[in-house]
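Welcome, and please open your viewer so that we can walk through this model together. Keep the selection tool at hand, as each stop begins with something to pick.

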Amino acid sequence: MKRYPSGREASQLRPEGTVKIWFVLRRDGSLADSGIEQSSNSTLLDEAARKTVGRATFTGFPEQFMADQETHRFSVDLQFRPAN
């Protein structure tokens, strides 16, 4: 689950933006690696995106999906906006 950053700095700055994050999954759904493909220009939001991927549980992918690969790289855009 994606979570907006908490803490004093987040409450004062109220950063908003999109982080493009990449991650590599093994066939069994376990996380092999991840990183920031395009920063939001906010370290708070970039770190929140890293934590989101690190906490996530992924389902393994079927044998017929990319049968010749043991891992697959995905990219997603995570948008962060402070609650009103």
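In which segment is lysine 2 found? Select lysine 2 and you will see that it sits in the segment before α1, the helix of residues 8-13. Bear in mind as you look around that this is a predicted model.

**Stop 1: around lysine 2**

Keep lysine 2 selected and show its surroundings. Leaving out residues up to four places away in sequence, lysine 2 touches Thr52, Leu78, Gln79 and Phe80. Now add alanine 49: 47 residues separate lysine 2 from alanine 49 in sequence, yet their C-alpha atoms are 7.5 Å apart in space. Is lysine 2 buried, exposed or partly exposed? Its relative accessibility is 39%, so lysine 2 counts as partly exposed.

**Stop 2: the whole chain**

Zoom out and switch to a cartoon view. The protein chain has two helices and three strands, and along the sequence they follow the pattern α-β-β-α-β. A box of roughly 50 × 20 × 20 Å along the principal axes is filled by the C-alpha atoms. Contacts in the chain with a separation of 6 or more are made to 70% by residues 24 or more positions apart. Of the 84 residues, 32% count as buried.

Try a surface next. The accessible surface comes to about 5800 Å², and carbon and sulfur atoms hold 46% of it. If you colour by charge, look for 12 positive and 11 negative side chains; the centres of these two sets lie 9 Å apart.

**Stop 3: the sheet**

Select the three strands. They form an open sheet in the order β2-β1-β3, with antiparallel pairing. Why is one side of β2 (31-38) and of β3 (71-80) left without a neighbour in the sheet? Both strands stand at the edges and each has a single partner strand, so one side of each stays free of a neighbour there. On average, neighbouring strands of this sheet are turned by 25° against each other, direction ignored.

Go to β1, residues 17-26, which pairs with β3 over ten bridges in the antiparallel sense. The pairing of β1 with β2 is antiparallel too, over six bridges. A good residue to centre on is isoleucine 21: opposite it in β3 stands valine 76, and its bridge partner in β2 is isoleucine 36.

Follow β1 into β2 and you come to a hairpin with four residues between the strands. Pick glycine 29 in the turn and check its phi, which is positive at about 95°.

**Stop 4: two loops**

Move to asparagine 41, in the loop between β2 and α2. Its phi is near 70°, a positive value in a residue other than glycine. Asparagine 41 has a relative accessible area of 77%, so it is exposed.

Now jump to the loop between α2 and β3 and select threonine 59. Its relative accessibility is 71%, so threonine 59 counts as exposed. For a last distance, pick alanine 48 as well: threonine 59 and alanine 48 are eleven residues apart in sequence, and their C-alpha atoms are 22 Å apart in space.

Definitions and conventions:
Residues numbered from 1 in each chain as written. Predicted model: local features only at pLDDT ≥ 70, side-chain atom pairs only at ≥ 80, totals over all residues. Heavy atoms only, no water. Buried < 20%, exposed > 50% of the residue type's maximum accessible area, 1.4 Å probe, protein only. Contact = heavy atoms within 4.5 Å. Areas by Shrake-Rupley, 256 points an atom, 1.4 Å probe, with all protein chains shown as cover. Lys, Arg positive; Asp, Glu negative; His and termini not counted. Charge placed at Lys NZ, Arg CZ, Asp CG, Glu CD. Pairing = 2+ DSSP bridges. Axes fitted to C-alpha atoms, helices over the stretch in contact; angles between N-to-C directions.
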